[in-house]
Amino acid sequence: MVAHVGLISLTSCFSPLSRLPRLSSTKHKPFAMAAMNEDPVRQWILSEGKATKITNISPIGGGCINLANRYDTDAGSFFVKTNRSIGPSMFEGEALGLGAMYETGSIRVPKPFKVGPLPTGGSYIIMEFIEFGSSRGNQSVLGRKLAEMHKAGKSEKGFGFDVNNTIGSTPQMNTWSSDWIRFYGEHRLGYQLKLALDQYGDSTIYERGQRLVKSLGPLFDNVVIEPCLLHGDLWSGNISSDKNGEPVILDPACYSLHAMTLLINFLYGWT
């Protein structure tokens, strides 16, 4: 996923948005979906974005899945990602994840504004443009902020997320479950193992992975399991800091799961 480079906060340019909708995983309305027109991005910026003119559009590099541009206007700057081959569901999942993290008030994330289809096919997402600093910032502060997010983002629905989303361009299943080990075994490890088996035909890795899945349960006997909000795709390319040095995380693949999942991912190389 592309990194946001050199962004300006638009918080002062907009009245506060209502809380983002929580959607069901089987039937839901798209996140803030835009109506079709010749240039829906420009239309939104010049209406709900409160700009009267767009002064510059500049490409931002760094991604291999989507195209990214900075839109400078007389109302501030916006960050826009587009994909000419994938429909709005991918960006909808990203927007809902950003919104869920934003609502915790714990760590800075780009605020999502709009998701919609492109008239010639594909989709787009418009979000806050954050001015990045020169480094990824203080990693201990990042760790504390993430812990705050995990505590603030506890789920009463169990383990999963309101919609399926993607990690990179790989589909990620988020059907709600009351059993975190079953969810993690089936929808994370098991799903990835099946993808690897289908693509590479290596049954040895698949069988070893299945043994790992079956052995997870006893490792967490007498452990208090609480579902909490995770970023879902937190690697170095999705971490930065703003111009004040505060940590920023972006391009999520959010879901609610036990925080111990992060340690398992680290130990086995799945980040």
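E226 is partly exposed, at a relative accessible area of 40%. In this predicted model, E226 takes part in a salt bridge with K154, and the closest N and O atoms of the two are 3.1 Å apart. K154 sits in the loop between α3 (139-152) and β6, while E226 belongs to the loop between α5 (203-219) and β8 (228-230), so the bridge ties together parts that lie 72 residues apart in sequence. K154 is itself partly exposed, with 45% relative accessibility.

The chain around this pair can be described in a few totals. It has six helices and 11 strands. It is built from 271 residues, and 46% of them count as buried. The accessible surface of the chain is about 13400 Å², with 53% of that area belonging to carbon and sulfur atoms. Among contacts with a separation of 6 or more, 68% are between residues 24 or more positions apart.

The loop that holds E226 also contains N222, which is found between α5 and β8. What is the sign of phi at N222? The angle is positive, about 65°, although N222 is not a glycine. N222 counts as exposed because its relative accessibility is 85%, and the threshold for that class is over 50%.

Going back along the chain from this loop leads to α5 and its partner α4. The axes of these two helices come within 9 Å and cross at roughly 175°. That angle makes α4 roughly antiparallel to α5. On the α4 side, the residues that meet α5 are I181, Y184, G185, L189, G190, L193, K194 and L197. Their counterparts in α5 are S203, I205, Y206, G209, Q210, L212, V213, L216 and G217. A further distance across the pair can be given for E186 and V213, which are 27 residues apart in sequence and 8.3 Å apart in space, C-alpha to C-alpha.

E186 lies in helix α4, and its side chain meets that of R182 in a salt bridge, with 3.1 Å from N to O. Where do the two partners sit relative to each other along the chain? Both lie in α4 (residues 180-200), four residues apart, which is about one turn of the helix. E186 is partly exposed, with 43% relative accessibility, whereas R182 is exposed, at 52%.

Side chains of opposite charge can pair when their charged atoms come close. The structure holds 11 salt bridges, including the two already described. Another is formed by R70 and D72, whose closest N and O atoms are 2.6 Å apart. Is D72 buried or exposed? D72 is buried, because its relative accessible area of 14% falls under the 20% limit.

Salt bridges also link K81, E94 and D251 in a network. D251 belongs to the loop between β10 (247-249) and β11 (255-257). D251 has a relative accessibility of 1%, so it counts as buried. Its phi is near 50°, a positive value in a residue other than glycine. N222 and D251 thus both carry a positive phi without being glycine, but N222 is exposed and D251 is buried.

The last stop is T166, in strand β6 (residues 165-167). This is the strand that follows the loop holding K154. T166 has 17% relative accessibility and therefore counts as buried. A polar atom of the T166 side chain lies 3.2 Å from the backbone oxygen of G168. Which residues does T166 contact once its neighbours within four places in sequence are left aside? They are M90, P171, Q172, P252 and A253.

Key: Residues are numbered from 1 along each chain as its sequence is written. This is a predicted model: local features need pLDDT of at least 70, side-chain atom pairs count only at pLDDT 80 or more; totals for chains, interfaces and linings use all residues. Side-chain values use heavy atoms; hydrogens and water are left out. Buried means under 20% relative accessible area, exposed over 50%, partly exposed in between (1.4 Å probe, protein chains only). A polar contact is a pair of N or O atoms within 3.5 Å; within protein, one must be able to donate a hydrogen and the other to accept it, and residues adjacent in sequence count only if both atoms are side-chain atoms. Contact means heavy atoms within 4.5 Å. A salt bridge is a side-chain nitrogen of Lys or Arg within 4 Å of a carboxyl oxygen of Asp or Glu. Accessible areas come from the Shrake-Rupley method with a 1.4 Å probe; for residues, only the protein chains shown count as cover. Axes are lines fitted to C-alpha atoms, for helices over the stretch in contact, and angles run from 0 to 180 degrees between N-to-C directions. Angles under 35 degrees count as roughly parallel, over 145 as roughly antiparallel, 65 to 115 as roughly perpendicular and the rest as oblique.
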